[in-house]
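Please look over the sequence and the model below. A short walk through some of its features comes after.

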Amino acid sequence: MATPFPALNQRRGLGHLFNMDLLAGLNSPQREAVTHVKGPLLIFAGAGSGKTRTLTHRIAYLIREHRVPPGRILAVTFTNKAAKEMRERLTHLVGNDASRIWMGTFHAMCAQMLRINGDLIGIDRRFVIFDNDDTLRLMKEILKEADIDTSRYPPSRILHRISDAKNNLRSPQDVESVASSPYQRVLARVYTRYQERLQAAHALDFDDLLGEAVRLLRESEEARHYWSERFLHVLIDEFQDVNMAQFRWAQMLAEKHRNICVVGDDDQSIYAWRGANVKIILDFEVSYQDATVIHLEQNYRSTQNILDAAHGVISQNIGRKAKRLWTEVEGGATLTVHGAINAQEEALWVVRKVQSLQRLGHEHLSDFAILCRVNAQSRPFEEAFMRARVPLKLVGTQRFYDRKEVKDLVAYLKVIYNANDSVALARIINVPGRGIGDVTIQKLQWLAAESNRSLYEVILDAEAVNALGRAVAAKIAPLRNLLKTLQEEAQVNNTVADLVRLVIDRTDYLEHLRRERTVDSIDRQANVQEFINAAEQFDMRMDEMEEPEAADEEDQELLRTGDADLPEGIKRLGTFMESVALEGDAEGGTGAGSNEAVTLMTLHSAKGLEFPIVFLAGMEQGLLPHARALWGEQAGEEELEEERRLCYVGLTRAQQQVFLTFAAQRTLQGRTESTQPSQFLDEIPSHLVERAGLAAANAPSAYDVATSWNRPGVSSTFRPAGVAASSSAEPPKFSIGDRLRHPTFGEGLVVNASPSGGAGEWVEVAFLNSETGKKKLVVAYAPLEKV
DNA sequence: ATGCACGTACTTTTT
DNA sequence: GTACGTGCAT
């Protein structure tokens with residue numbers, strides 16, 4: 001085979017056009033990181049230490065000062081957002097050269113390499129990418145087909161295990177060879193079948209993008225030679241989050257020139273549950289014994305008080321690299337810990353605090369962020385903010401391309417692009433409803449599996465379909481015609497938006513949504529419109545890029561060899577779907593933008609962000625640290641340490657002020673429980689903390705809300721003073737059936753009550769006022785009056 | 001084939 | 001408390 005690879009670019013950069021001093025304004029370790037050129041480099045970049053600045057300046061420095069051709073630099077991130085931000089910042093530093101750098105997510109970079117020469121290891125150039133939804137559907141099908149009990153083997157858990165295997169570069173055979181339990185044997189079998197089905201659909205899942213890219217480099221001498229020769233520099237962001245597959249891939253790419261630069265912070269590793277392996281960053285110096293190690297510990301974000309508090313917490317972790325952030329901003333406001341009676345009161349306190357800080361000069365609501373451990377915490381905040389008429393925006397809830405209606409339309413596009421994508425076809429086979437029921441779909445799928453054909457091929461097989469009965473055949477025929485028409489149109493039509501509109505039109509999809517008389521029907525219709533807009537925007541981008549001056553010449557050459565002679569429209573469609581799969585959220589998606597509002601999000605989605613004022617809500621045992629890390633089956637020191645890192649991430653988001661709140665009672669999963677303040681609160685040096693509410697040192701015993709605070713062996717400085725460690729023997733004041741009155745909620749009936757009285761006594765009251773409904777109240781706290 | 005009712009189970013989320 | 005999945009009845 002003739003080599004598919006062009007000669008490598010030796011062209012000099014255009015750096016002389018930009019005069020800005022790349023080293024100006026950098027501190028000395030940052031400079032060292034920027035100017036280090038040869039050999040492996042490990043940068044421990046603490047929160048707010050100017051990581052992105054260092055990384056972008058380093059790349060710019062390589063291009064401008066060392067004349068490294070931009071096309072021979074590979075810079076990898078985890079999210080599209082990070083890649084985009086980096087590219088933008090680089091454009092300011094090196095201009096158009098920025099567009100020639102190989103920069104993007106692991107998945108996007110791997111996908112690109114596989115599109116270019118996946119054929120060397122037998123991967124169809126036109127492979128499609130299965131997202132989580134696709135893989136879940138596929139897995140359910142497989143389990144059904146194999147008659148495996150889904151309650152004993154939940155599809156999502158199996159997928160998680162498979163993902164785990166792939167992240168560690170273990171094949172189905174590997175899993176099988178070490179299988180020692182029935183569960184593992186089933187797993188190996190299902191994994192094997194899963195891969196077969198993916199292959200049949202010409203599909204790769206997200207993990208395959210990495211795994212197959214590794215396989216490409218391992219198995220194709222030619223590819224390995226080219227790519228490792230090509231990249232003079234490999235840079236990896238958020239290195240604490242890499243998994244084995246990602247690390248191996250990067251290692252192979254960097255093996256020739258050995259210029260591998262990794263940046264990360266082990267203290268911010270919060271994604272172990274999705275395959276991240278902190279040990280990789282901790283062991284980097286073992287993998288590369290000649291690595292230069294640089295610590296960025298000067299923080300440009302927070303006050304020293306905040307950093308000290310954060311350090312108090314994180315330093316409790318054993319498995320970490322010793323380090324400590326510092327700042328020139330001495331002192332700062334003390335942190336506040338506020339204990340509330342329940343989640344509603346907690347939310348109320350936060351709104352009031354926001355309002356009072358606003359009066360003190362924080363005019364921008366965007367200065368405030370409320371960070372929580374789980375999404376379920378958001379409800380009381382939404383309610384409290386709504387009532388107080390303070391705008392609150394929830395970040396990171398449902399993503400645009402995850403919406404059902406959008407996925408339906410994407411599934412149509414997938415089928416048009418690749419009719420053998422049986423998962424996509426199964427999704428839309430009866431959407432909108434065309435009278436093809438589950439039983440029929442089952443039969444069709446069984447036929448497909450049996451004859452080793454795709455679902456589409458079976459549908460085309462008139463004989464097979466007729467065998468299922470006249471009624472079924474009559475329903476399948478229009479579908480067959482529909483798909484044929486759509487495919488034909490796709491050959492002619494060049495724009496994705498036209499195709500989307502055609503799908504919506506021919507399937508009468510909007511009418512289908514209107515008929516669904518649900519609350520979200522209107523939203524869904526709007527999302528369909530939004531999807532058309534997204535497609536239009538994509539088309540516009542493609543038109544702009546018609547003159548492909550962006551990519552390196554050698555990349556164009558590579559991609560040319562990769563281009564099958566497909567109709568323009570189909571090619572476009574492929575690009576569009578790849579962008580949908582790999583860049584989860586559309587620009588115009590939710591479009592919340594810069595609305596002036598308080599931000600509410602999970603600690604996970606807060607990583608990388610900063611806010612002047614941060615509220616950490618739900619600082620309780622069981623929430624942060626989460627119950628699963630504390631008391632769950634897989635609870636352990638490592639899990640607890642990840643929770644602690646989560647807390648650390650939260651604290652280090654704050655620039656000026658931190659408020660930590662907890663609720664003495666919390667209703668989670670329909671159950672109201674007494675809670676204990678988070679152990680992490682005790683890890684913050686007490687001189688940095690001011691206590692309020694139930695956390696106040698002098699809180700009256702009337703605030704004592706939970707006997708569980710007196711749990712033996714657990715001591716907390718956040719327990720109100722005056723609370724004896726022994727439980728009270730007082731008789732309860734209320735019992736089931738009593739009528740009572742509350743000044744705000746009105747009259748009600750006691751439907752449930754604590755068995756014992758005293759400080760911990762509580763009652764569950766059904767209020768006559770239907771708006772209030774049922775409430776659990778602490779007798780000692782709530783002003784209740786017997787009627 | 002479709003719709004309703006009941007039971008169960010449940011972090012975190014990017015690609 | 002909700003959301004989802006299964007099972008039964010229409």
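The paragraphs below take up the DNA, then one serine, then the cysteines.

Keep in mind that this is a predicted model. Start with DNA strand B. The protein places 26 residues around this strand. Asn80, His107, Asn132, Arg373 and Thr602 are the closest of them. What classes of residue make up the surface near DNA strand B? There are 15 polar residues, six nonpolar ones and five charged ones. Two helices each supply at least two residues of this surface: helix H19 (438-451) and helix H28 (603-606).

Now look at the DNA side of this meeting. Within 4 Å of the protein, 50% of the atoms of DNA strand B belong to sugar or phosphate, and the rest belong to bases. Polar contacts can be found with both kinds of atom. The side chain of Trp273 has an N or O atom 3.2 Å from a base oxygen of DNA strand B. The side chain of His604 has an N or O atom 3.4 Å from a base oxygen of this strand. Asn375 uses its backbone instead: one of its backbone N or O atoms lies 3.0 Å from a phosphate oxygen of DNA strand B.

Move on to DNA strand C. Which residues are around DNA strand C? They are Lys140, Gln669 and Gly670. Of the atoms of DNA strand C within 4 Å of the protein, 10% belong to sugar or phosphate, and the rest belong to bases. One phosphate oxygen of the strand is 3.4 Å from an N or O atom in the side chain of Lys140.

Next, find Ser220. Ser220 sits in the loop between helix H9 (206-219) and helix H10 (221-230). Is Ser220 buried or exposed? Its relative accessibility is 7%, so Ser220 counts as buried. Its side chain reaches the backbone nitrogen of Ala223 at 3.0 Å. Leaving out residues up to four places away in sequence, Ser220 touches Leu120 and Arg215.

Finish with the cysteines. A disulfide is a covalent bond between the sulfur atoms of two cysteines. The count of disulfides here is zero. Cys261 is in no disulfide, and its nearest cysteine sulfur, that of Cys110, is 18 Å away. Cys261 counts as buried because its relative accessibility is 0%. Why does Cys647 form no bond with Cys372? The sulfur of Cys372 is the closest cysteine sulfur to that of Cys647, but the two are 14 Å apart, which is too far for a bond. Cys647 is buried as well, with a relative accessible area of 0%.

Conventions: Residues numbered from 1 in each chain as written. Chains lettered and ligands numbered in written order. Predicted model: local features only at pLDDT ≥ 70, side-chain atom pairs only at ≥ 80, totals over all residues. Heavy atoms only, no water. Near = heavy atom within 4 Å. Polar contact = N/O pair within 3.5 Å; in protein donor to acceptor, adjacent residues only side chain to side chain. Helix = DSSP H or I, 4+ residues; strand = E, 2+ residues; numbered from the N terminus. Nonpolar A, V, L, I, M, F, W, Y, C, P; charged D, E, K, R; others polar. Buried < 20%, exposed > 50% of the residue type's maximum accessible area, 1.4 Å probe, protein only. Contact = heavy atoms within 4.5 Å. Disulfide = S-S within 2.5 Å.
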